[in-house]
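Colleague: Could you take a close look at one part of this model with me, the ligand site?

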Amino acid sequence: MTDVLDHWIDGGTAAGTSTRTGDVFDPARGVVTKQVRLGSAADVDAAVASASKAFTDWGQASIARRQGVMFAFRELLNARKGELAEILTSEHGKVLSDAAGEIARGLEVVEFACGLPQLLKGAMSDQVSNDVDVYTLKQPLGVVGVITPFNFPAMVPLWFFPIAIATGNTVVLKPSEKDPSAANWMAALMAEAGLPAGVFNVVHGDKEAVDALLVHPEVASISFVGSTPIARYIYETGTAHGKRVQALGGAKNHMLVLPDADLDLVADSAVNAGFGSAGERCMAISVVLAVDSVADTLVAKISDRMATLTTGDGRRACDMGPLITREHRDKVATYVDLATEDGATVVVDGRDPQIDGEPDGFWLGPTLIDHVPTTSRVYTDEIFGPVLSVVRISGYTEGVGIINAGPYGNGTAIFTNDGGAARRFQREVEVGMVGVNVPIPVPVAYHSFGGWKASLFGDAKAYGPHGVDFFTREKAVTARWLDPSHGGLNLGFPQHD
Ligand code: NAD
């Protein structure tokens with residue numbers, strides 16, 4: 001009998017009503033380690049009812065009280081992050097150091113949420129008319145829904161729920177069913193930090209639970225992160241049901257390498273950003289656009305570095321772990337054949353890697369494909385695995401043209417020592433997050449994270465100032481404290497005197 005992971009509703013675990021469950025794997029061993037409940041609409045109803053009830057009190061809680069919980073959560077998370085990293089590695093497969101990095105970036109958002117009193121301050125205009133002041137309040141939305149992907153089971157939920165809760169909302173999180181345990185662990189830690197029951201709920205599940213959240217009349221907003229087709233669906237369905245929606249989608253991120261770049265830095269960066277977390281990052285670099293004159297040298301430097309990488313169980317001292325499921329591993333591997341069919345050159349084939357781990361794990365080694373035509377599915381698809389493509393270009397203009405012609409606009413990077421070229425790139429490229437000699441330009445927590453085009457549906461990015469605006473409604477108050485001598489009828493539109 002394997003363990004069953006329950007939902008977290010109203011301050012504790014709850015089995016719910018659904019009888020459906022899903023397998024949770026240890027991808028490095030290829031075995032099922034537990035079952036996760038796949039929630040029904042009734043389970044979502046129960047979580048929303050708890051969140052709705054909790055909002056009555058939490059929505060009115062003082063800033064000091066909310067901030068106190070956030071500070072306590074920050075301390076607990078920091079002290080116990082090693083436990084969480086082990087959970088991430090056991091269900092996602094990423095190596096422990098990478099899991100620790102994910103938590104560190106999530107902690108940044110918790111720290112940002114600790115400083116929310118500063119960001120919740122409204123604006124005040126004194127004496128806009130005689131005895132009249134105007135000021136703004138930022139108030140919570142109510143019950144907010146958060147739906148997250150498998151690739152960052154801690155960090156992506158942490159992009160949203162600390163800000164949502166610190167701004168006075170109550171939350172129903174539907175994490176990925178592939179690596180669900182981190183969500184319960186964080187919910188229990190929030191309770192330990194003093195969060196009242198019902199403020200943070202976790203409903204596990206798949207499309208059924210997501211659909212129930214999307215149409216629930218008491219859910220005010222949806223924050224989604226996942227693949228582009230689902231993000232589009234979430235945005236369209238959620239907005240059609242009157243919700244505020246931010247839906248972050250997939251990506252295909254390019255690194256543009258100009259001939260004057262430091263090619264050793266470029267090769268290190270391409271390998272780190274291409275193969276970290278086995279390429280299962282929405283900010284992974286999946287395409288290197290290399291100017292012809294330096295492409296041969298660069299490909300040689302990248303493949304030399306790849307030869308030093310170790311693939312294996314993330315609990316051991318490896319560079320790269322397994323992929324999330326066997327199906328995903330097999331799908332990613334098919335791109336190597338596709339590359340050959342499309343006339344590209346497979347420089348490093350990761351399909352039969354040396355492994356420091358169990359043979360049944362979902363293994364695929366780092367793969368490098370050169371001379372990739374931009375018409376090939378190797379180029380056009382979001383592969384989401386350890387496959388790095390090199391597209392050869394004539395120069396800057398062709399490179400930017402290729403990037404801007406793509407459907408996604410999540411992240412990109414330019415590598416050059418020419419400040420003018422870098423400046424031109426950051427202004428011309430149609431992408432939401434840009435690195436200059438930085439391969440993974442994930443903004444710090446006090447800026448906001450989000451792409452353009454098919455990488456983000458909706459107006460609000462994640463966390464930072466956008467996160468605060470997304471989770472609050474602004475109210476403008478025009479107030480006059482009357483001098484008793486004022487008064488009299490005037491049916492005209494109010495003007496200032
Ligand atoms: P996914 O779209 O398959 O799943 C995301 C969430 O949607 C999960 O909670 C899942 O249960 C739910 N879901 C899946 N199918 C659904 C359906 N038919 N109807 C309703 N809900 C459904 O994504 P994933 O495979 O978990 O994650 C990888 C994807 O996420 C990649 O495309 C990656 O680029 C993207 N991603 C984007 C960002 C970003 O910030 N833009 C960050 C991380 C991941």
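Where does the ligand lie with respect to domain 1 (4-249 + 455-477) and domain 2 (253-436)?

Modeller: Happy to! This is a predicted model, in which local features need pLDDT of at least 70 and side-chain atom pairs count only at pLDDT 80 or more, while totals for chains, interfaces and linings use all residues. Residues are numbered from 1 along each chain as its sequence is written, and side-chain values use heavy atoms, with hydrogens and water left out. Both domains, whose bounds come from an automatic or database domain assignment, give residues to the shell around the ligand, so the ligand lies between them. That shell counts 26 residues, with K174, E177, S227, G249 and E382 the closest; a residue belongs if one of its heavy atoms lies within 4 Å of the ligand. Helix α7 (207-215) and strand β11 (219-225) each supply at least two of the shell residues (DSSP runs of H or I, at least four residues, for helices, and of E, at least two, for strands, numbered from the N terminus).

Now for the ligand's oxygen atoms. A polar side-chain atom of E382 lies 2.5 Å from one oxygen atom of the ligand, and a polar side-chain atom of E177 is 2.7 Å from a ligand oxygen. From T148, a backbone N or O atom lies 2.8 Å from an oxygen atom of the ligand. Taken alone the ligand exposes 840 Å², and the protein buries 88% of that (Shrake-Rupley method, 1.4 Å probe).

Conventions: A polar contact is a pair of N or O atoms within 3.5 Å; within protein, one must be able to donate a hydrogen and the other to accept it, and residues adjacent in sequence count only if both atoms are side-chain atoms.
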